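Biologist: I am new to this one, and I would like to learn how to read it feature by feature. Could you walk me through it?

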Amino acid sequence: MTGVNAPAGRSYGGRSGDERAAERRAALVDAAFAFGAREGWRALRIEPLCREAGLNKRYFYESFKDVDEVVAAVLDHLTTDVIAVSTGAIVPGSPGPRAIRDAVRAFVGHLTEDPR
C-alpha cells in the first residue's frame, strides 16, 4: 500500500484488515473509473470520489496519496483487464493470423461491452 495509514491486522466481520483495505481500494478505483467516465478526469476530486465510493477521506489516504495515484490505479486495472481478455481469447496452438484475429475481436468486444 502506498498510503500513509496502513490498516491494522485485526479481523473484523470475518475479514482481515488487509482484505478490508483491498476492498476499499477496489471501491475507490471503481468509483474513480465511473466518475471519470461520467464527469471527465479533470473533474475528479477526492471528496466527490469518496462520496461515490461510500467511503470517507481517511480510506482514500489509506491507499492513495493523491488523485493522480488513483487515476494511475484505474489505468493499471484497465490495462491488466484488457490484456487478460485479449490473451485469454487466443486458442493455444492456433496459427498467428487466427490468434491475432481472436485477440483483437476479444479486445474490441471488451471495449464495446462497457461504454465507459
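Biologist: Let me begin with charged side chains. How many salt bridges does the structure hold?

Modeller: A word first: this is a predicted model. A salt bridge is called when a side-chain nitrogen of Lys or Arg lies within 4 Å of a carboxyl oxygen of Asp or Glu. By that rule, the structure holds seven salt bridges. One of them joins the side chains of Glu 23 and Arg 15, with 3.1 Å from N to O.

Biologist: Are those two partners buried, partly exposed or exposed?

Modeller: The general idea is to look at relative accessible area: under 20% is buried, over 50% is exposed, and partly exposed is in between. Glu 23 has 41%, so this residue is partly exposed. Arg 15 is also given as partly exposed, because its relative accessibility is 33%.

Biologist: Which residues are joined into one network by salt bridges that share partners?

Modeller: Start from Arg 38. Its side chain meets that of Glu 39 in a salt bridge of 3.2 Å, N to O. Arg 38 also forms a salt bridge with Glu 52, where the closest N and O atoms are 2.6 Å apart. This second pair links distant parts of the chain, with Arg 38 in helix 1 and Glu 52 in helix 2 (residues 46-53), 14 residues apart. Through shared partners, Arg 38, Glu 39 and Glu 52 become one network.

Biologist: And how accessible are the members of that network?

Modeller: Arg 38 has a relative accessible area of 48%, so it counts as partly exposed. Glu 39, at 46%, is partly exposed. Glu 52 is partly exposed as well, with 33% relative accessibility.

Biologist: Let us turn to pockets. How much space lies in the largest pocket, and how many residues line it?

Modeller: A residue belongs to the lining if it has an atom within 4 Å of a pocket point. Here the largest pocket holds about 300 Å³ of space, and 14 residues line it. Nearest its centre are Phe 33, Leu 78, Asp 81, His 110 and Asp 114.

Biologist: Which helix gives the most to that lining?

Modeller: Helix 4 does, with five residues. At least two lining residues come from each of helix 1 (17-39), helix 4 (67-88) and helix 5 (96-113). By character, the lining has seven nonpolar, two polar and five charged residues.

Biologist: You named Phe 33. Where is it found, and is it buried or exposed?

Modeller: Phe 33 is found in helix 1. Its relative accessibility is 14%, so Phe 33 counts as buried. For a sense of distance, the C-alpha atoms of Phe 33 and Leu 44 are 9.8 Å apart, with their positions 11 residues apart along the chain. Leu 44 sits in the loop between helix 1 and helix 2, and this leucine is buried because its relative accessible area is 1%. The C-alpha atoms of Phe 33 and Tyr 12, 21 residues apart along the chain, are separated by 28 Å.

Biologist: One last feature: which residues make the nonpolar surface patch of about 430 Å²?

Modeller: To join a patch, a residue needs over 30% relative accessible area. This patch is made by Ile 100, Val 104, Phe 107, Val 108 and Leu 111. Take Val 104, which lies in helix 5: at 46% relative accessibility, Val 104 counts as partly exposed.

Note on methods
Residues are numbered from 1 along each chain as its sequence is written. This is a predicted model: local features need pLDDT of at least 70, side-chain atom pairs count only at pLDDT 80 or more; totals for chains, interfaces and linings use all residues. Side-chain values use heavy atoms; hydrogens and water are left out. On a 1 Å grid over the protein atoms alone, a cavity is a set of points where a 1.4 Å probe fits but cannot get out, and a pocket is an open set with protein on both sides within 12 Å along at least five of seven lines; lining residues have an atom within 4 Å of a point. Grid points are joined across faces, edges and corners, and a volume is the space filled by probe spheres set on the points. Helices (H or I, at least four residues) and strands (E, at least two) are DSSP runs, numbered from the N terminus. Ala, Val, Leu, Ile, Met, Phe, Trp, Tyr, Cys and Pro count as nonpolar, Asp, Glu, Lys and Arg as charged, and the others, Gly among them, as polar. Patches are made of residues with over 30% relative accessible area and no salt bridge: like charges are joined within 9 Å, nonpolar side chains (Val, Leu, Ile, Met, Phe, Trp, Tyr) within 5 Å. Accessible areas come from the Shrake-Rupley method with a 1.4 Å probe; for residues, only the protein chains shown count as cover. Buried means under 20% relative accessible area, exposed over 50%, partly exposed in between (1.4 Å probe, protein chains only).
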